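Q: Could you zoom in on a single part of this protein and walk me through it properly? Pick whichever part lets you tie the most together, and place it in the whole before you go into detail.

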Amino acid sequence: MPQEMEMKVYSFKEIYPLTTDTAQGALAFEAEIEIPVKFRDKDILTNVQKQIIAKIFGEIYNSIPLDSILPTYAKVLAREYRRSTEPFIQKILEANEPSAVWQNHIQIQAIPLFLDDRLLSYSYERYAHMGGEHGNSSRLFYNFDLSNARLLTEKDLFIDNYEKSLTQLIKQQIVEDNAEMESIADLNEFHFFEDQIKPNNNFYVNADGLVYVYNPYDIAPYSTGQTEVALTFERLRPILKPNNALAYFYKTYK
């Protein structure tokens with residue numbers, strides 16, 4: 001039986017004060033990531049591993065050991081944080097009480113959402129609060145064909161000129177997921193940016209189909225949060241390429 005890719009968890013947590021007075025502001029960093037460390041094909045393993053690291057941290061981090069990536073990355077963020085706030089440090093020191101503006105934090109999580117011997121569907125989530133009324137969060141997804149380490153895109157999966165049909169499917173699914181909506185015409189009334197709803201290549205895979213994710217402000221105001229749109233393979237079948245890399249899902253699972 002083909003071997004599934006094995007993952008290893010790396011985590012790191014640290015607080016970086018702005019000054020020697022830790023009560024006067026700091027950057028809190030917390031991260032947990034899972035990185036592939038074992039697979040039947042070492043070249044594919046290395047390729048996927050390097051792509052994940054480059055996507056999350058930058059290509060330069062492929063030159064350091066896996067267990068050093070998070071501490072190194074955190075120190076770089078802390079150094080940049082201190083540099084950018086340096087003009088205000090004197091004001092912080094003179095303040096009578098700590099300001100919430102300077103109690104900031106960054107959280108990172110990167111995990112597989114689906115993994116078998118053919119596919120790795122990988123999620124990278126980042127939340128940052130660097131002052132202001134609220135923080136910003138985002139989720140990005142990377143789907144790897146484990147037969148060749150290629151990152152799958154919509155063009156690998158769908159027939160030519162798929163965009164219009166897929167856009168309609170996405171809009172219709174949003175309507176169906178909201179009990180108060182009756183038709184696509186209601187999207188703007190419910191604060192969706194109807195003209196901005198379109199395929200965005202930001203999806204993950206599960207046994208039922210593709211789940212598109214739109215981050216805050218992509219297709220709706222911040223207050224709406226992230227929007228997930230789950231499309232079944234059955235619904236997508238008319239616009240899927242006959243022998244795409246995910247065809248084994250709906251040929252196997254009925």
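**The sheet and its far edge**

A: Starting from the outside, the protein exposes about 13,800 Å², and carbon and sulfur atoms supply 49% of that area. Keep in mind that this is a predicted model. Its C-alpha atoms fill a box of roughly 65 × 50 × 25 Å along the principal axes. Of the 254 residues, 44% are buried. Among contacts between residues at least 6 apart in sequence, 58% join residues at least 24 apart. On the charge side, there are 25 positive and 36 negative side chains, and the centres of those two sets lie 8 Å apart.

The part I'd zoom in on is the sheet, and in particular the end of it where strand 5 meets strand 6. The protein has seven helices and nine strands, and six of the strands form an open sheet in the order 1-2-3-4-5-6, with mixed pairing. Strand 1 and strand 6 are at the edges; each has a single partner strand, so one side of each has no neighbour in the sheet. As a general reminder, strands of a sheet pair through backbone hydrogen bonds, either parallel or antiparallel.

Now walk towards the strand 6 edge. Strand 4, residues 119–129, runs antiparallel to strand 5, residues 136–145, and the pair is joined over 10 bridges. For a landmark on that pairing, take Tyr124, whose bridge partner in strand 5 is Leu140. Move on to the next pairing and you find two bridges between strand 5 and strand 6, residues 150–151, again in the antiparallel sense. In this pairing, Phe144 stands opposite Leu151, and Asp145 stands opposite Arg150.

The turn that links these two strands deserves a pause. There are four residues between the strands of this hairpin, and Ala149 is in that loop. Phi of Ala149 is near 70°, which is a positive value in a residue other than glycine. Is Ala149 buried or exposed? Its relative accessible area is 2%, so it counts as buried. If you want a second residue with that sort of backbone angle, go to Asn201, where phi is near 65°, also positive in a residue other than glycine. Asn201 is in the loop between helix 5 and strand 7, residues 203–205. With a relative accessible area of 36%, Asn201 is partly exposed.

Just past strand 6 comes helix 4, residues 154–157, which holds Asp156. Setting aside neighbours within four places in sequence, Asp156 is in contact with Arg150, Leu151, Lys241 and Asn244. Two of those names should ring a bell: Arg150 is the residue opposite Asp145, and Leu151 is the one opposite Phe144. Between the C-alpha atoms of Asp156 and Pro71 there are 36 Å, with 85 residues separating them along the chain.

What does the sheet pack into? The largest nonpolar core has 37 residues, and Phe29, Val48 and Phe57 have the most contacts inside it. Elements giving two or more residues to this core include strand 1, strand 2, strand 3, strand 4 and strand 5, along with helix 1 and helix 2. Helix 2 gives the most, with seven residues. Leaving out residues up to four places away in sequence, Phe57 touches Ile33, Ile69, Leu70 and Tyr73. A second, separate core has 34 residues, among them Leu187, Phe203, Val205 and Tyr248.

Right after Phe57 in the chain you reach Gly58, in the loop between helix 1 and helix 2. Gly58 has a relative accessible area of 18%, so it is buried, the cut-off being under 20%. The C-alpha atoms of Gly58 and Tyr73 are separated by 9.7 Å, and the two residues are 15 apart along the chain. Tyr73 is also one of the residues that Phe57 touches.

One last stop, away from the sheet: Thr167 is in helix 5, residues 163–177. It counts as buried, at 13% relative accessibility. Not counting residues up to four places away in sequence, Thr167 touches Ile197, Lys198 and Pro199.

Methods:
Residues are numbered from 1 along each chain as its sequence is written. This is a predicted model: local features need pLDDT of at least 70, side-chain atom pairs count only at pLDDT 80 or more; totals for chains, interfaces and linings use all residues. Side-chain values use heavy atoms; hydrogens and water are left out. Buried means under 20% relative accessible area, exposed over 50%, partly exposed in between (1.4 Å probe, protein chains only). Contact means heavy atoms within 4.5 Å. Accessible areas come from the Shrake-Rupley method with a 1.4 Å probe; for residues, only the protein chains shown count as cover. Lys and Arg count as positive and Asp and Glu as negative; His and the chain ends are not counted. The place of a charge is taken as NZ of Lys, CZ of Arg, CG of Asp or CD of Glu. Two strands pair if DSSP finds at least two bridges between them. A nonpolar core is a set of buried Ala, Val, Leu, Ile, Met, Phe, Trp, Tyr and Cys residues joined through side-chain atoms within 4.5 Å.
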